[in-house]
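This report describes one pocket, one helix contact and one small group of strands. Please look at the sequence and the structure first.

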Amino acid sequence: MAGRRNHAEDQLKQWRDQRGVQKADALTTGAGIPVGDKLNVMTVGPRGPLLVQDVVFTDEMAHFDRERIPERVVHAKGAGAFGYFEVTHDITKYCKAKVFEHIGKRTPIAIRFSTVAGESGSADTVRDPRGFAMKFYTEEGIWDLVGNNTPIFFIRDAMLFPSFIHSQKRNPQTHLKDPDMVWDFWSLRPESLHQVSFLFSDRGIPDGHRHMNGYGSHTFKLINAHGKAIYCKFHAKTDQGIKNLSVKEAGRLASTDPDYGLRDLYNAIANGNCPSWTFYIQVMTFEEAEKFPFNPFDLTKVWPHKSYPLIPVGKLVLNRNPVNYFAEVEQIAFDPSNMPPGIEPSPDKMLQGRLFSYPDTHRHRLGPNYLQIPVNCPYRTRVANYQRDGPMCVSDNQGGAPNYYPNSFTGPEDQPNLKESHMSVACCDVQRFNSANEDNVSQVRVFYTKVLKEDERQRLCENIASHLKDAQHFIQKKAVKNFTDVHPEYGARIQALLDKYNAEAGKQDVIRTYTQSTRPASPKERSNL
């Protein structure tokens, strides 16, 4: 078996080989002090207690106790790599961002792929949307295009995001994944039908990270050099071809190689088989948006390609593996509010919510100076502002430059020519508008009847029923009604499969609830806490 080892398995051997005849470095403490003995603690006699003065031990143990940082609430399990974006087609008539300024221009990038709901140790082959987050290191600062492998999402209003994620995570009492929670939320929010149908189709389990598309998903706004704005969606189509795993194969890999996607990406790049994606945009004028048959900023819907065709822009190529996973993948932070001049947000409610939640998460997880971490640093431009201090400030803290604005001492000045584009808002009421019933079925019907083939429709229904069967009967009924609203056959097929499952299980229409005990703990119980 030794002769069949791959690059991931041989990483340590390769590291040693790269050093050639170089001798081992002298072992030190974190402060650089040489260490004479790393195998034995300092004690009073061979059997005696440890000494506080054993700083070799305390330095090591104190750091070990603090190795873990908070796990991402979503997208915890991921893989990343680095490469470049190259412009192949001119889109300067739409966008003035320098990343697109001429054909042939290359910009360094990083991409992180991930599952969404699982913890950092979960399997890569579960049925779950995949994160597809792109970081462009431009000379105008960082551009983070934080998307998924689907052009749509489960909800269209950011207010629902915490509850949606809670429903996909673990039950607060049992700490188990709970089909009741999952399907109760989905059945009560029929705008999720489009993404749920995509998720339970064949594309719900991609074959690793290289064989899936990426999408910015949201609607954005592009501004050209003349100040003209247009709405836009971003697409990254895999050049490796779409490949998906069967339910059986995904289950096998989950038990035999839960890091399948991470391993596949690492070895492909190490072997020189560098994955790439063709980058496209769709554009829509403001006038077209006003006349569009539905809300063009609705994240649960797509823009039809027939009316808004894909416009080629460039290539995304990954050609370097991370040097260290923690430093370059675990600590990488994507923020949709990082947009260089020429790219701006649209009124998309989900995008607007993410503009706040993502950097807020990073400040909690990595600290307020997370943009000084090398993988997040906008190294191709010079950061000049009035932000100072804070935990883990590892730069020169902008030296003696003024830390207030305005000032009379040549501190950084704003650039009026780079102000955001002018936006007119028609006079409207300020209130909480209910968007729950904004045609949740038309595009799902097209997906079911026109996009999927017959065998794919059958597998879709089987996949849904095999998961929905574990939810309570009354939740099943609500879910089937939603699928029936999409198409009678869709609902009927799922119901027929559920009838079979329920008959085999002898399922009763019983409502399970979780209650909090109000009985005070006894002294004995308290002593065991």
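Two strands count as paired if DSSP finds at least two bridges between them. The model is a predicted one.

**Strand β6 and its partners**

Strand β6 covers residues 220-223. The table lists the two strands joined to β6.

| Partner of β6 | Bridges | Direction | Facing residues |
|---|---|---|---|
| β7 (residues 229-238) | 4 bridges | antiparallel | K221 and Y231 |
| β10 (residues 343-345) | 3 bridges | antiparallel | L222 and I343 |

With β7, β6 forms a hairpin that has 5 residues between the strands. In the turn, G227 has a positive phi of about 85 degrees.

In a regular strand, side chains alternate between the two faces of the sheet. In β6, F220 and L222 lie on one side and K221 and I223 on the other, and these residues are all buried. Both faces of β6 are thus covered.

**The second largest pocket**

The second largest pocket has a volume of about 900 Å³. Its lining has 39 residues, with V74, F161, S357, Y358 and T361 nearest the centre. By class, 20 of the lining residues are nonpolar, 13 polar and 6 charged. Which helix gives the most to this lining? It is α10, with 11 residues. Other elements that each supply at least two residues include β2, β3, β4 and α3.

**Helices α3 and α4**

Helix α3 also packs against α4 (residues 179-188), at an angle of about 145 degrees and with the axes 7 Å apart. On the α3 side the contact involves S163, F164, H166, S167 and Q168, and on the α4 side M181, V182, F185 and W186. This contact has 5 nonpolar, 4 polar and no charged residues.

How values were computed: Residues numbered from 1 in each chain as written. Predicted model: local features only at pLDDT ≥ 70, side-chain atom pairs only at ≥ 80, totals over all residues. Heavy atoms only, no water. 1 Å grid on protein atoms, 1.4 Å probe; cavity = no way out; pocket = protein on both sides within 12 Å on 5 of 7 lines; lining within 4 Å. Points joined across faces, edges and corners; volume = space filled by probe spheres on them. Nonpolar A, V, L, I, M, F, W, Y, C, P; charged D, E, K, R; others polar. Axes fitted to C-alpha atoms, helices over the stretch in contact; angles between N-to-C directions. Contact = heavy atoms within 4.5 Å. Buried < 20%, exposed > 50% of the residue type's maximum accessible area, 1.4 Å probe, protein only.
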